[in-house]
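Student: Please take one part of this model and go through it closely. I would like the aromatic pairs and the helix packing beside them, with the cut-offs spelled out.

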Amino acid sequence: MTDKKSVLVIGLQPTLIDFSNPDYAAYPGMNAAKVLAGLNASEESLTDLGYDVQMCLTDFGETAEAVVRDQLEKKRFDCVLIGAGLRTIPGNFLLFERLLNVVHAHAPQAKLCFNTKPTDTAEAAQRWL
C-alpha cells in the first residue's frame, strides 16, 4: 500500500538512561530492556494498523537535534510522536523543547502527538491520523 500514513516516533535511546536517577522514580522497576520491549511492541502495533513507522532514538542532547533533523529530511511524515521519556522527565525538558522546535522547523505539516507510555503510542497516533 503506497498511501500509508507515516509516523516518526522520537524517544531516548533506552540504553543511555540511568534509571537510578531520581527523575525516573515515577517509573519503579523500569530498565532499558523493558523500554526497548515497549518500543518494539508499539512499532509492531502501529505497523499492524497500517502505518509506515520509523523509530528515532536519540541521546540526551549531544547529537539529538541532528539525528531528528536527519530523519525529518529523509522523508515526509504525517505524524510525529515525541515520547513521554522526553516530555515528562524534568531533566529532559530543555531537550524536549529543542526537539519540538526541530520538528516544527522541518516537518511543519506533521501532526504532533504524545504518548504517556509505550503501550499507548498507537492510540496517540490514531488521534491525529
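Tutor: What follows goes through the aromatic pairs, then the helix contact, then some single residues. The model is predicted, so local features need pLDDT of at least 70 and side-chain atom pairs count only at pLDDT 80 or more, while totals for chains, interfaces and linings use all residues. Residues are numbered from 1 along each chain as its sequence is written, and side-chain values use heavy atoms, with hydrogens and water left out.

A pair of aromatic rings is described by the distance of the centres and the angle of the planes. Rings of Phe, Tyr and Trp (its six-membered ring) pair if their centres lie within 6.5 Å; planes under 30 degrees apart are stacked, over 60 edge-to-face, and the rest tilted. By this rule there are two aromatic pairs. In one, the ring centres of Phe 19 and Tyr 24 are 5.7 Å apart and the planes stand at 65 degrees, so the pair is edge-to-face. Burial is judged by relative accessible area: buried means under 20%, exposed over 50%, and partly exposed in between (1.4 Å probe, protein chains only). Phe 19 is partly exposed at 22%, whereas Tyr 24 is buried at 7%.

The rings of Phe 96 and Phe 114 have centres 6.2 Å apart and planes at 75 degrees, so this pair is edge-to-face as well. It links distant parts of the chain, with Phe 96 in helix H4 (residues 93–106) and Phe 114 in strand S4 (residues 111–114), 18 residues apart. Helices (H or I, at least four residues) and strands (E, at least two) are DSSP runs, numbered from the N terminus. Phe 96 is buried, with a relative accessible area of 13%, and Phe 114 is partly exposed at 31%.

Helix H4 also packs against helix H2 (residues 64–74), at an angle of about 25 degrees and with the axes 10 Å apart. Here the axes are lines fitted to C-alpha atoms, for helices over the stretch in contact, and angles run from 0 to 180 degrees between N-to-C directions. H2 and H4 are therefore roughly parallel to each other; angles under 35 degrees count as roughly parallel, over 145 as roughly antiparallel, 65 to 115 as roughly perpendicular and the rest as oblique. Contact means heavy atoms within 4.5 Å. On the H2 side the contact is made by Ala 64, Glu 65, Val 68, Arg 69, Leu 72 and Glu 73, and on the H4 side by Leu 95, Arg 98, Leu 99, Val 102, Val 103 and His 106. By class, this contact has seven nonpolar, one polar and four charged residues. Ala, Val, Leu, Ile, Met, Phe, Trp, Tyr, Cys and Pro count as nonpolar, Asp, Glu, Lys and Arg as charged, and the others, Gly among them, as polar.

Gln 71 also lies in helix H2 and is buried at 15%. Not counting residues up to four places away in sequence, Gln 71 touches Leu 8, Gln 54, Cys 56 and Phe 77.

Ile 89, in the loop between H3 and H4, leads back to the Tyr 24 ring pair. Ile 89 is buried, with a relative accessible area of 3%. Its C-alpha atom is 7.0 Å from that of Tyr 24, 65 residues away along the chain. Leaving out residues up to four places away in sequence, Ile 89 touches Asp 23, Tyr 24, Tyr 27 and Ala 84.
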